[in-house]
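Reader: I should like a close look at the local backbone and side-chain features of this structure, with the disulfide chemistry as the point of departure. Please set out the geometry and the burial of the residues concerned in one connected account.

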Amino acid sequence: MIKYLATASLLLAGAYLSTTPALAADPGITDTEIVIGDVEPLTGPPALLGVAASIGHKIAIAEANAAGGINGRKIKYVLEDDGYVTARTIQGVKKVTDVDKAFALLGISGSGQSIAVMPLLEKAGIPTVIDVAPVKFLWEPPRKNVFVVGQSYEEGIIHLVNYLAEKNPGKKWGLITQDDDYGITVRDGFDTVVKARKLNVVYSGNYKKGQQDFSSDMLQLKESGAEVFLAGGIIGENIAMMKELEKLSIKPVVGIFWPGRVEPVLKLMGPAGDGIYAVDYVEPFAGAAGKAFLEKAKGLLPEAEMKGINRYSMTGYAAAKVLIAAIERCGKQPTWACTIAELEKTKNVETGIMAPISFGAGVRFSNQKLQIMQSEFSTLSFKPVN
Amino acid sequence: MQYFMQLLISGLAIGAIYGLIAMGFAVIYKSTGLVNFAQGEMTMITAYIAWTISTTVSGNVFVVALGAILAAVVLGLIIERVVMRPMLGEPVFATVMVTIGLAVILRSSINFIWDAYPHGLDVGFGRSIVRIGPIGVRTGQIAVIVTLLVLLAVIWAFFRYSKIGVAMRAVAADDRTALLMGISATRVHALAWAASSVIAGIGGVFFALSYDLSPAMFQLGLKAFPATILGGLDAVLGSGLGGLLIGITENLAGGYIGSGMKEVAGFAMIIVVLMVRPFGIFGERDIERV
């Protein structure tokens with residue numbers, strides 16, 4: 001009787017294991033599917049980055065699915081809108097992890113939103129690759145399950161200001177930043193170089209998030225006699241600033257940061273936007289790598305989504321490639337532990353749109369190589385400069 | 001002096017846009033006793049429709065202007081009929097909450113119907129720069145100041161001399177008595193929503209001409225609201241002038257005190273004014289006899 005019960009128990013256990021998800025311990029994975037979750041701002045002004053990043057994820061996922069999925073499992077992408085509201089980001093992450101049972105996460109909205117969900121991610125232990133808004137807090141101290149693809153805002157600004165300072169020695173400087181965490185990071189990076197190089201800063205402005213008229217700010221900049229200007233706006237703000245400078249008939253050397261380095265901005269700035277310097281760690285669309293990326297996207301995306309592509313699509317694509325590759329290396333039975341271990345082993349992964357990506361033991365930040373670009377109004381594009 | 005004049009002209013230009021939107025607030029309040037928290041969003045929708053017309057139908061300034069005005073009328077009438085009329089007789093708090101809900105819906109619709117990218121409204125007018133001595137000003141900025149002044153005169157004449165204008169004032173003063181006099185309050189309300197949508201929409205279109213079109217444009221409503229409080233919530237003309245005052249104050253504060261003060265100055269000003277005149281500079285004192 002005991003022998004019979006033991007045999008029956010083993011058979012039942014076997015049957016259970018063969019009909020339920022491959023590994024009951026980690027959610028979001030069945031014999032045929034792996035769920036990847038994402039929370040982005042898809043409405044409101046920041047949708048410009050959220051939609052683009054999600055498109056990048058979609059391209060990488062479509063590419064993987066077209067090649068048969070991850071070891072035979074198709075990737076299902078679950079995307080939630082947080083409207084750039086932190087409370088909704090937290091809700092969104094809870095939804096994709098608890099309800100949709102995501103196996104891994106990508107993206108995660110802006111810098112403030114990523115920071116806010118960090119305790120949730122750490123507690124859940126879900127493999128996560130962040131690609132939208134890289135800020136130091138996300139990898140310092142390193143969290144076991146959270147990886148960041150990109151470069152820090154502060155390093156980006158330091159690189160840009162150093163470049164402009166070398167090219168424009170002895171000039172007077174002006175800076176304007178937004179009154180939030182983004183603006184503080186930009187200002188911190190700027191101040192680091194100002195101290196190190198003893199730059200002569202004659203104008204330092206701070207605008208309130210949402211400000212649309214920069215007439216008095218730019219007039220102050222003009223009066224200060226600034227010859228090099230770091231425009232710390234994001235998208236609309238930088239456009240408004242450039243148009244004001246055009247109205248005031250001044251053309252300082254202008255530097256902008258990568259959140260504003262999207263091509264449609266150049267059309268709106270008009271000739272005033274010609275020759276602007278920008279810093280970034282992804283390739284410009286005007287180059288061979290950028291063109292190849294767009295060509296690849298054409299075959300994988302619906303026509304309507306093509307117009308939503310910008311630099312954030314590249315960062316999203318790269319992050320998704322790294323995550324998919326890590327899951328793939330785990331073989332037929334991927335687990336969270338294995339995925340995290342494989343993410344950590346990521347070494348020189350080529351994406352074609354930024355420098356090779358690497359992490360390491362205790363290293364959760366890919367620390368991408370930066371490059372300086374300059375805008376060209378005639379072709380509405382950014383081109384790398386030496 | 002040149003610095004001051006540049007600040008003044010830029011302040012007048014942005015203030016004229018605030019003024020137009022503020023007049024939209026006041027028209028609805030004067031006729032229905034309601035503060036429409038979706039005013040900024042209605043402004044934005046009209047500007048987006050104007051942009052759509054300019055890119056799909058014709059870039060001719062008259063076609064775009066006519067199309068945008070018609071679209072604003074339809075938008076105002078639909079909102080009044082579908083959203084606001086069912087709320088007639090309901091507590092003011094509930095009705096105001098409906099306008100807040102409407103604002104969220106309209107704001108979100110931008111990404112669903114259009115996209116999150118900024119766009120330029122190009123109708124072959126408004127973007128070129130005119131030099132008045134050393135001072136640069138865009139033609140769109142001059143046009144919006146002139147438009148506000150013309151509209152102030154037209155609206156003054158409308159409320160003073162036209163039958164409909166007098167009927168609107170009557171409904172605002174006492175809707176029950178107006179009803180007994182044969183005035184249809186619902187018709188007046190519909191007209192007020194349409195007029196408010198058009199006036200604010202003009203402000204939105206001028207903003208898109210001089211600056212750009214983006215999903216953040218709804219924030220103009222937040223800037224125009226202090227203007228209408230300053231001018232007087234029930235004073236249509238006062239709200240227009242309030243916009244100019246806010247625009248000038250903001251720019252002078254930004255230019256002489258610092259960038260950070262720019263956004264604060266308008267609100268600081270209304271606090272001071274409301275302490276002296278709680279009903280706004282041009283508003284009417286609300287007298288209740290007991």
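Author: The account below begins with the disulfide and then turns to backbone geometry, selected buried residues and a surface patch.

The model is a predicted one. Over all chains, the count of disulfides comes to one. The partners are A:Cys330 and A:Cys338, with their sulfur atoms 2.1 Å apart. That separation satisfies the criterion, because a disulfide is a pair of cysteine sulfur atoms within 2.5 Å. In general terms, such a link is a covalent bond between the sulfur atoms of two cysteines. The torsion about the S-S bond of A:Cys330 and A:Cys338 is about -110°, so the disulfide is left-handed. As for burial, A:Cys330 has a relative accessible area of 13% and is buried, whereas A:Cys338, at 22%, is partly exposed. The two labels follow from the cut-off, because buried means under 20% relative accessible area.

The backbone of chain A calls for separate comment. Most residues other than glycine have a negative phi, and most peptide bonds are trans. A:Lys101, although not a glycine, has a positive phi of about 55°. This lysine, A:Lys101, is found in the loop between helix H3 (86-99) and strand S3 (104-107) of chain A, and its relative accessibility of 43% makes it partly exposed. A:Leu380 is likewise not a glycine and has a positive phi, of about 50°. The loop that holds A:Leu380 runs between strand S11 (371-376) and strand S12 (381-384) of chain A; at 31% relative accessibility, A:Leu380 counts as partly exposed. A cis peptide bond, with omega about 0°, joins A:Glu140 and A:Pro141. A:Pro141 lies in the loop between strand S4 (128-130) and strand S5 (146-148) of chain A.

Another loop residue, A:Gly273, is located between helix H9 (263-269) and strand S10 (277-280) of chain A. A:Gly273 is buried, with a relative accessible area of 1%. Leaving aside neighbours within four places in sequence, A:Gly273 is in contact with A:Leu266 and A:Ser375.

Two further buried residues have contacts in the other chain. A:Ser216, in helix H7 (residues 215-224) of chain A, is buried with a relative accessible area of 0%. Not counting residues up to four places away in sequence, A:Ser216 touches B:Leu7, B:Asn251, B:Gly254, B:Gly255 and B:Lys262. On the side of chain B, B:Arg138 belongs to strand S2 (residues 135-138) and is buried, with a relative accessible area of 6%. With the same sequence exclusion of up to four places, the residues that B:Arg138 touches include A:Lys243, A:Glu246 and A:Lys247, together with B:Ser210.

The surface of chain B carries a nonpolar patch formed by B:Val130, B:Ile132, B:Ile142, B:Val146, B:Val150 and B:Val154, with about 450 Å² of accessible area together. Strand S1 (129-132) and helix H5 (139-161) of chain B are the elements that give two or more residues to this patch. Helix H5 of chain B supplies the largest share, four residues. B:Val146 is placed in helix H5 of chain B and is partly exposed, with a relative accessible area of 46%.

Finally, confidence in chain B may be stated. Chain B averages a pLDDT of 89, and 98% of the residues score at least 70. Among the elements of chain B, helix H2 (residues 39-56) has the highest mean pLDDT (96) and helix H7 (residues 175-180) the lowest (80).

Notes: Residues are numbered from 1 along each chain as its sequence is written. Chains are lettered from A and ligands numbered from 1 in the order in which they are written. Side-chain values use heavy atoms; hydrogens and water are left out. Buried means under 20% relative accessible area, exposed over 50%, partly exposed in between (1.4 Å probe, protein chains only). Patches are made of residues with over 30% relative accessible area and no salt bridge: like charges are joined within 9 Å, nonpolar side chains (Val, Leu, Ile, Met, Phe, Trp, Tyr) within 5 Å. Accessible areas come from the Shrake-Rupley method with a 1.4 Å probe; for residues, only the protein chains shown count as cover. A salt bridge is a side-chain nitrogen of Lys or Arg within 4 Å of a carboxyl oxygen of Asp or Glu. pLDDT is the predictor's confidence in each residue, from 0 to 100. Contact means heavy atoms within 4.5 Å.
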